Amino acid sequence: MADTQQVDPKAERKAARLAKQIGSFSKAHGGAEGQVAYLGERGARIVLVGEDGNWGDLMAPSYEIAEKAVEKSGITAHESFDGEFAAKAKTGRYEWSRMAGIQVGGPKND
């Protein structure tokens with residue numbers, strides 16, 4: 001018996017659009033690597049880090065669509081955002097203040 005898997009045309013189009021965006025990011029930043037993070041009902045986040053250290057992210061409506069988009073784009077995909085991969089991303093004062101909030105550089109209550 002043949003294995004017939006139904007293809008959702010809407011999901012295929014979304015994956016293709018995301019793959020195109022990933023490809024554009026990669027081209028603009030001298031190449032890129034990525035990681036897909038499952039966010040539950042909200043979908044999945046595709047984190048991209050360019051060879052130049054710039055980073056960004058995209059949202060996909062499902063983990064499956066995100067994985068398909070990364071695969072179609074041809075970039076290297078990581079299982080996790082581990083130390084080695086994370087170290088490739090450049091962060092500045094803005095990111096540090098947003099991540100740490102009041103603890104680092106935020107408003108002080110004197």
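Why is strand β2 (residues 44–50) largely enclosed by the rest of the structure? In this strand 6 of the 7 residues are buried (under 20% relative accessible area with a 1.4 Å probe, protein chains only), and β2 is therefore largely enclosed by the rest of the structure.

This is a predicted model, in which local features need pLDDT of at least 70, side-chain atom pairs count only at pLDDT 80 or more, and totals for chains, interfaces and linings use all residues. Residues are numbered from 1 along each chain as its sequence is written, and side-chain values use heavy atoms, without hydrogens and water.

**View 1. Overview of the protein chain.** The protein chain holds 4 helices and 4 strands (DSSP runs of H or I with at least four residues, and of E with at least two, numbered from the N terminus). From the N terminus on, their order is α-β-β-β-α-β-α-α. Of the 110 residues, 32% count as buried.

**View 2. The hairpin of β1 and β2.** Strand β1 (residues 32–38) pairs with β2 in the antiparallel sense over 7 bridges; pairing requires at least two bridges found by DSSP between two strands. Alanine 37 has arginine 45 of β2 as its bridge partner. Between the strands lie 5 residues, and glycine 40 in this hairpin takes a positive phi near 75°.

**View 3. The hairpin of β2 and β3.** An antiparallel pairing over 6 bridges joins β2 to strand β3 (residues 55–60). The bridge partner of alanine 44 is alanine 60 in β3. This hairpin has 4 residues between the strands, and its glycine 53 takes a positive phi near 95°.

Conventions:
Buried means under 20% relative accessible area, exposed over 50%, partly exposed in between (1.4 Å probe, protein chains only).
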